[in-house]
Amino acid sequence: MPSYGEPFLWWDLARSWHDTGWGEGDEILSVVANVAIGLLTSLLGGGFVWLWERAKRTRAVNRRAAFFGVRPGQTCLVVLGGKYNAPGTAHYRDVRAIVELTLLAGELGCEVSVESGDFRGSNGDSTEFCVGGPTGGSNIRTGGHLAAHLPGVTVHPYDGTRPDSVAIEVGGEKFLFDRGNQEYALVAKFTPEESDRPVFLVSGQSSVANLAAIHFLRREYMQVAEVLSSLERFCVLIKVSGIGTYDFHRAELEREVTEAAFTR
């Protein structure tokens, strides 16, 4: 140890600890180093986990956006049909369907603009969600989309005396309308030549089928995406059953009919 008459140097003290058996200082330094390394490892690990979770959420949002054909930050155009044979009015379930679409748009970072079923013109650079079948003039724009882009689809008119009243026919096969029990919605995605963004069409046999299809796809879009050969253009049928008991909540993918729907 240095005497009181000599300059006091910390390195002399450290050497004295080592020479006299006071090597416990090295052990303390080792413990401190291990603690520091542990803290650093925890911070890095937590950071990597946070980045991984954020990347996973981003991928999920991008997959959903790709399915519905939207881009975060854009304004989506929603075309809402009216009640059967009652232009200018909307069924409350169709209004609920618009609420579902608004929530979906919000989850994907988009805003919504709403137009009625007699809207004319191109959807331009806005993804269009067109909701409602063409029967009885409920959604005139749906009828236009079907005629122009889905020549393999026929929506039969309402006729209470015929079993195929309001049936959706695709490729020669009819999907009958059993009101309040089992109903169908045709869902198609395509991009008109004059537009930069796609049209997402939901043509249900009733307002229940419209709402059921949107409610189902908002949650189970991955299930549908798995059976599609392309997300750019497709057509599927959604079946709604047990309506008297479950209302619009029991919906499922009935069939993918892309080839038949887009073939004249």
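**A surface patch and two one-sided helices**

In this predicted model, V31, V35 and L39 come together to make a nonpolar surface patch of about 270 Å². V35, one of the three patch members, sits in helix α2, which runs over residues 24-68. Its relative accessible area is 47%, so V35 counts as partly exposed.

Zooming out, the chain holds seven helices and 10 strands. Of its 264 residues, 42% are buried. Roughly speaking, the outside is a mix: about 14,500 Å² is exposed, and carbon and sulfur atoms supply 56% of that area. As for how the chain is tied together, take the contacts between residues at least 6 apart in sequence: 64% of these join residues at least 24 apart.

Helix α3 (residues 92-107) is a good place to look more closely. With 16 residues at 1.5 Å a residue, α3 should span 22 Å, and its end C-alpha atoms turn out to be 23 Å apart, so expectation and model agree. The buried residues of α3 are R93, D94, A97, I98, E100, L101, L104 and A105. Because these residues cover an arc of only 155 degrees around the axis, they end up on the same side of α3. The list includes the charged residues R93, D94 and E100 alongside nonpolar ones such as I98, L101 and L104.

V95 belongs to α3 as well, but V95 is not on that buried list: at a relative accessible area of 40%, it is partly exposed, since burial would need a value under 20%. Going back along the chain, G81 lies 14 residues from V95 in sequence, and the two C-alpha atoms are 9.6 Å apart in space. Past the other end of the helix, α3 is followed by G109, which has a positive phi, near 75 degrees.

Helix α4 (residues 140-149) can be read in much the same way, with R141, T142, H145 and L146 as its buried residues. Viewed down the axis of α4, they fall within an arc of 140 degrees, so they line one face of the helix. A147 and A148 are exposed and sit on the face of α4 turned away from that buried side. What do the buried residues of α4 pack against? Their partners are strands: β1 (75-80), β3 (128-131), β4 (153-155), β7 (182-190) and β8 (199-204).

Technical notes. Residues are numbered from 1 along each chain as its sequence is written. This is a predicted model: local features need pLDDT of at least 70, side-chain atom pairs count only at pLDDT 80 or more; totals for chains, interfaces and linings use all residues. Side-chain values use heavy atoms; hydrogens and water are left out. Helices (H or I, at least four residues) and strands (E, at least two) are DSSP runs, numbered from the N terminus. Buried means under 20% relative accessible area, exposed over 50%, partly exposed in between (1.4 Å probe, protein chains only). Patches are made of residues with over 30% relative accessible area and no salt bridge: like charges are joined within 9 Å, nonpolar side chains (Val, Leu, Ile, Met, Phe, Trp, Tyr) within 5 Å. Accessible areas come from the Shrake-Rupley method with a 1.4 Å probe; for residues, only the protein chains shown count as cover. A salt bridge is a side-chain nitrogen of Lys or Arg within 4 Å of a carboxyl oxygen of Asp or Glu. Contact means heavy atoms within 4.5 Å. The expected span of a helix is 1.5 Å times one less than its number of residues. The arc is that of the directions from the helix axis to the C-beta atoms.
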